[in-house]
Structure formats: C-alpha cells, structure tokens
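Me: I am new to this structure and would like a close look at a single part of it, the open sheet and one residue within it. Please take me through it carefully.

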Amino acid sequence: QVQIVESGGGLVQPGGSLRLSCAASGIRFSSYTMGWFRQAPGRQRELVAGITGGGTTNYADAVKGRFTISRDNAKSTVYLQMTSLKAEDTAVYYCNAHGIGGWMYNGDSWGQGTQVTVSS
C-alpha cells in the first residue's frame, strides 16, 4: 500500500521561507522520481519541482532560484525548501511519486496536501 504524506505548510509573509516534507511508504523510494505539485484556486495543478532517484532536479520556471527540492532516501522523504516566497506561491502543495507506470496519484487520487499561504 503506497502512502504519501505531506507536511510543513503554513502561513508566511512575502519574502519568507518554508520547508515542506513528504514522507513516502510502500514503495522502494530510491527507485522513484519524486515531485512536488501545487494547485492554487482557479488554477490547474502544476509540477513545481522534481527529483530523480539519482538526485537530478528540475523546476518550474516560476520557482527557479527560490525553491530547492531534495531527498533523503534513507528516510524515504523528499523536501521542498521554499524561499523568497511570493503571494503567487499560495497553493495546496502535493507530493507525488513517479514510477514506471507514471505518477502514482492522478485525478481524484490525490491526498490532502499541505496548504501554503503567502500573505502580508
């Protein structure tokens, strides 16, 4: 049974920082590319950052230079360090795992996510 649990969201002021955590279980974590997605009100869910099992990363243009994705395979955990936060970063952030069959969570299968609100 695959389970992904996000945590670390909260309310921060513009320019602030926040670190999100995603703990995964039920998978061979090191074999999976992990990704952070976000969905803001009225907007489509988007991939924010991804990291392969080998540590190669990619970022959406909107967060490049501000967000850093990392992973600790020993802890089966992926992190998203967010700095210089902007109001436009406000969204529910979700973690997902990409295996040979694609993203584990799709459509209605997404979990609770963690809310990030950036507001002054």
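Me: Which residue in β3 is the bridge partner of I4?

Reply: In this predicted model, the residue of β3 that is bridged to I4 is A24. That pair leads to the wider arrangement, since β1 and strand β3, which covers residues 18–25, run antiparallel and are joined by five bridges. Both strands belong to an open sheet of four strands, whose order is β1-β3-β8-β7 and whose pairing is antiparallel. At the edges of this sheet stand β1 (3–7) and β7 (67–72), and each has a single partner strand, so one side of each is left without a neighbour in the sheet. From one strand to the next, the twist averages 15°. As background, strands of a sheet pair through backbone hydrogen bonds, and they may do so in a parallel or an antiparallel way.

The residue to look at closely is R71, which is found in strand β7. R71 is buried and yet has no salt bridge, for the nearest side chain of opposite charge, that of D72, is 8.3 Å away, whereas a salt bridge would require the charged atoms to be within 4 Å. The side chain of R71 does have polar partners: one of its polar atoms lies 2.8 Å from the backbone oxygen of F29, and the side chain of N73 makes a polar contact with the side chain of R71, also given as 2.8 Å. Leaving aside residues up to four places away in sequence, R71 touches F29, S30, Y32, T33, M34, I51, T52, G53, T77 and V78.

Terms used: Residues numbered from 1 in each chain as written. Predicted model: local features only at pLDDT ≥ 70, side-chain atom pairs only at ≥ 80, totals over all residues. Heavy atoms only, no water. Pairing = 2+ DSSP bridges. Helix = DSSP H or I, 4+ residues; strand = E, 2+ residues; numbered from the N terminus. Axes fitted to C-alpha atoms, helices over the stretch in contact; angles between N-to-C directions. Buried < 20%, exposed > 50% of the residue type's maximum accessible area, 1.4 Å probe, protein only. Lys, Arg positive; Asp, Glu negative; His and termini not counted. Polar contact = N/O pair within 3.5 Å; in protein donor to acceptor, adjacent residues only side chain to side chain. Contact = heavy atoms within 4.5 Å.
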